[in-house]
Amino acid sequence: MTITAPRTPRPVDHLVLPTAGLDSARARLECLGFTVAPVGKHPFGTENVCVFLGDGSFLELLAVSQREMCEEEARNGNVFVARDQAYRFRNGDEGFSALVMGTHDATGDHEAFTKAGISAGNILDFFRPFTSPDGKEDIAGFRLAFAADLRAPDAFFFTCQRLNTPKVDRAALQTHKNGVFELREIVLSEVNPTDFQYLLQEVVNQRDVTAHSFGMDVRSATANVAVLTPQGLRSFFGIETSENERGLRLQAFVLAVRDIAAVETLLMTNNIPYEKRGSRLIVHKAPGQGAAIAFEAS
């Protein structure tokens, strides 16, 4: 008898949300009640602003700062930049392109992805300056291992290992006017969700999958990863997508808040359109916000 060793699911590290410009992204996020970190510069022509959450995950709003450098990096095998360019070519400059899982061994993940036939390319190591809210500077280092499926050109995945973590107090950056403290769920769409079961099991490092009439759920160490059919996406989030559109697409994410009534007041005060669905307040994507955001009471 073959005994299958148990797996330890990976936590969600962050979400990558391409945007046309960081100024518009920052303005939109601040209207939604988020505290936004200072601009971070990558050494390969992209830059970001981030929203850090109390559970250790974060949202990365990604923009192109030096197009020529990005194009050269993509030609030289930088998977992160190449996938960002491909996403923007197919979908425009606003969206939700990647789900990133945390890891302590990106090299081992790359080997596992290669063996499983889902590697998207070479490992990427990079370092960039980091400035804390109080002006302290340090260097942040990362190692990324990529996974993808050719049937899903508009979504990719990678694990992120921190090679150097700046010793800074992020409490101020993790405190938000909207009361958000946790990433609850990442929502993808696909006509037949189980066609991508194997890919997501490997990315999340989770064998258990819960299938239901609207799709499937794969539970990470920190948040649920849901793949919904077009009907499920419409029913739960009010998002329309074509019944003929194949391939995984990252559509939305759910955030836990301490006081849902306070969030509703904030949205009304800032003239942000939203809709109520069950216990959630859903803000659909807009310039500077490439995915639907659902706020949910804790």
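**Note on selected features of the predicted model**

1. Strands β10 and β11 form a hairpin with 2 residues between them. The model is a predicted one. Within this hairpin, β10 (residues 210–212) and β11 (residues 215–219) run antiparallel and are joined by 3 bridges. T210 stands opposite D217 of β11.

2. Strand β11 also pairs with β12 (residues 224–228), again in antiparallel fashion, through 5 bridges. The connection from β11 to β12 is a hairpin of 4 residues. D217 has A226 as its bridge partner in β12, while T210 faces D217 from the other hairpin.

3. T103 is located in the loop between β5 (98–102) and α4 (106–116). Its relative accessible area is 14%, so T103 counts as buried, the cut-off being under 20%.

4. Two polar interactions of the T103 side chain may be noted. The side chain of T103 makes a polar contact with the side chain of D109 at 2.7 Å, and the T103 side chain also reaches the backbone nitrogen of D105 at 3.0 Å. Apart from neighbours within four places in sequence, the residues in contact with T103 are D109, T159, C160 and Q161.

5. As a matter of separation, T103 and I272 lie 169 residues apart in sequence, and their C-alpha atoms are 36 Å apart in space.

6. On the surface, F127, I139 and L163 make a nonpolar patch of about 260 Å². F127 belongs to strand β6 (residues 124–131). F127 is classed as partly exposed because its relative accessibility is 46%, which falls between the 20% and 50% limits.

Terms used. Residues numbered from 1 in each chain as written. Predicted model: local features only at pLDDT ≥ 70, side-chain atom pairs only at ≥ 80, totals over all residues. Heavy atoms only, no water. Patch = residues over 30% accessible without salt bridge, like charges linked within 9 Å, V, L, I, M, F, W, Y side chains within 5 Å. Areas by Shrake-Rupley, 256 points an atom, 1.4 Å probe, with all protein chains shown as cover. Salt bridge = Lys/Arg side-chain N within 4 Å of Asp/Glu carboxyl O. Buried < 20%, exposed > 50% of the residue type's maximum accessible area, 1.4 Å probe, protein only. Contact = heavy atoms within 4.5 Å. Polar contact = N/O pair within 3.5 Å; in protein donor to acceptor, adjacent residues only side chain to side chain. Pairing = 2+ DSSP bridges.
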